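Trainee: I should be grateful for a close look at a single part of this model. Please begin with one residue and its surroundings, and then set out the rest in a connected account.

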Amino acid sequence: MSSITHTAVLRAEHVQLGYWAPEGFTLAVRDATFSVAPREKTIVIGPSGCGKSTLLKAVAGFIRPTAGRIQVAGREKLEPGPDRAVVFQEFDQLFPWRTVLDNVAYPLRINGWKRRDAVERAREFVELTSLGDAADRYPHQLSGGMKQRVAIARALALDPAMLLMDEPFGSLDMLTRARLQQELNGIIERTQTTLLLVTHSMDEALTVGDKVVVLAGSPSTVTEIVDVRDVGPPDSPRYAETRLHLRDLLAVTHEEGELDVVNH
Amino acid sequence: MSSITETPAALPARPRAVGWSRLPLWFRRVILLAALVGLWQLYVSWSEFGGNPLLFAAPADTVQAFWDGWRDGSLARATWETMRLLLIGVGIGALIAALFTLFASLSQIGEDILLLLTAILNPLPGVAVLPLALLWFGLSSKAIIFAIANATIWPIAINLTTGFKTVNPTIVAAGRTIGLKGVRLVTDVLAPAALPSAISGLKTAWAFGWRTVVAAELVFGVVGGEGGLGTYINNAKLYLFTPQMFAALLTIAVLGVAFELVFGVLERRTIVRWGMQRS
């Protein structure tokens, strides 16, 4: 268990989240407390509908908690902004009327970069995400995996205090997904970015994360925070053991009948 | 799994277009056009009605009248006058439509008002309001411009509003996460995302405007100083200059094709190129 330290980039304290549905107000997250230290890769895992994406949206500033508080770099009144750039699950998060390079350069320009510097930095991040050959293509000419890479390049080029990812590889096939997880590790290694990633895949959590926040129940609570820094490769005993532990955590808290353990 | 670089011993025949569809598009069009002109000429040569030059013009006479009209400037002036009214009318219509869209995007009551007005006024044929317009604006080109503007506001406004409303929410969220808000979010994300609807609204408006302007000129003859194409046709009828009537119709057809091409180029350079619409 990692404790809340005052150097944390993100602090979530007793966060409660919900949304209005036609039937009335639905509570999605009952109580979430966790923190993210600088350069730490934190994964929020939970079954579908546990409110993990809602939690990420609250950190991004799209919605506000109904109780508790979220602090990013000491600030509380969060609006969406480039300091918490988001990579979404949907492929159509890119601007279709801009080329790959321009999709990365344009956000820099609106954040005060000079055109030439913006293009130069964009080129750097396009290379970093192995998109060099596709720099002048339009998004509709790219595969799903490439589109997600552009989204990652766009977000990282903004040098965010933390990178937020909402099931970024959820719509990709298994092989592409595994490759992008590896690539993401390499890229984060180089940019030293603090990461908050939401997923329902245990393997993604174990491959990418330093720390896994398990969100379960309905409405959900944080049931455990698991350190996964040293689990080793997927064939190591420690990996298997941790995976089993996560699996139990996710399955046990699913009291209402069906045991839909998510296995990816 | 076999590799795609491996070639099977016997290649299956590549699917191939046969006969007519094998010919290039422009060639197919030219042939059809020639056939049409041929039929036209046949009708002129063989039919009693078609052979009467006061009632029906032959292809050659039409081309001659078209050529003469453009050379002496009468057709050019008429075309320009019509285009001028059309551009002003569509311009005013588009401006008002943009204001309506803004109003409708900002408030529920704005949207309700727009939907109601569109439901009432959009089905009205453009020329139907012309008598009223003449009552209000007198026998001037203002009346025609009013009729054109009325015919173009509604298709543009309804398309724009739908376009803005159906912008994919993820792209708006992406815009906000990179730091866009307010007016900048509208101009840099919402507007380009709604471009396919905007273009489709403009195309409809342009077509409505064309019909309205020519019909209005026809119905009321000379309006304002110069006469437009409708007036030109009407005058030619008065003097039984049948080839001139045909030439004016030919001009309208050619302009219609020309604007199709312009819109086609616009679409290919923007929304088709960006994969927002299939070609």
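Mentor: The residue to begin with is Leu266(B), which has its place in helix 12 (residues 242–272) of chain B. The model is a predicted one, and everything that follows should be read in that light. Is Leu266(B) buried or partly exposed? With 15 other C-beta atoms within 10 Å, Leu266(B) is partly exposed, since a residue counts as buried at 20 or more such atoms and as exposed at 12 or fewer. Its C-alpha atom is separated by 8.8 Å from that of Ile199(B), although their positions lie 67 residues apart along the chain.

Elsewhere in chain B, helix 1 (residues 25–46) offers another setting. Helix 1 of chain B comprises 22 residues and reaches 31 Å from its first C-alpha to its last, close to the 32 Å expected at 1.5 Å a residue. The number of buried residues among these 22 is zero, so helix 1 of chain B lies largely in the open.

Chain B also meets chain A: 15 residues of chain B are in contact with 20 residues of chain A. On the side of chain B that touches chain A, helix 8 (residues 169–177) of chain B gives the most, with six residues. By class, this side of chain B consists of eight nonpolar, five polar and two charged residues.

Turning to chain A, one finds seven helices and nine strands. The C-alpha trace of chain A spans about 55 × 45 × 40 Å along its principal axes. A compact globule of 264 residues would have a radius of gyration near 18 Å, and the 18 Å of chain A agrees with this. Of the 264 residues of chain A, 47% count as buried. Among the contacts in chain A with a separation of 6 or more, 69% are accounted for by residues 24 or more positions apart.

The domain assignment divides chain A into domain 1 (37–85 + 160–244) and domain 2 (92–159). The centres of these two domains of chain A, taken over C-alpha atoms, are 23 Å apart. Their contact takes 15 residues from domain 1 of chain A and twelve from domain 2 of chain A. Which element gives the largest share of the domain 1 side? Helix 5 of chain A does, with six residues. The domain 1 side as a whole has ten nonpolar, four polar and one charged residues.

Helix 5 of chain A therefore merits a description of its own. Its 18 residues (174–191) should span 26 Å at 1.5 Å a residue, and its end C-alpha atoms are indeed 26 Å apart. Arg177(A), Leu180(A), Gln181(A), Leu184(A) and Ile187(A) are buried in this helix. Viewed down the axis of helix 5 of chain A, the buried residues fall within an arc of 135 degrees, so they line one face of the helix. An α-helix has 3.6 residues a turn, so residues three or four places apart point the same way. The buried residues of helix 5 of chain A pack against helix 3 (115–128), helix 4 (144–157) and helix 6 (202–208) of chain A. The face turned away from the buried side carries the exposed residues Leu175(A), Gln182(A), Gly186(A), Glu189(A) and Arg190(A). Just after helix 5 of chain A, Gln192(A) takes a positive phi of about 55 degrees.

Terms used
Residues numbered from 1 in each chain as written. Chains lettered and ligands numbered in written order. Predicted model: local features only at pLDDT ≥ 70, side-chain atom pairs only at ≥ 80, totals over all residues. Contact = placed C-beta atoms within 7 Å. Helix = DSSP H or I, 4+ residues; strand = E, 2+ residues; numbered from the N terminus. Nonpolar A, V, L, I, M, F, W, Y, C, P; charged D, E, K, R; others polar. Expected span 1.5 Å × (residues − 1). Arc of directions from axis to C-beta. Domains from an automatic or database assignment. Rg over C-alpha atoms; globule rule 2.2 N^0.38 Å.
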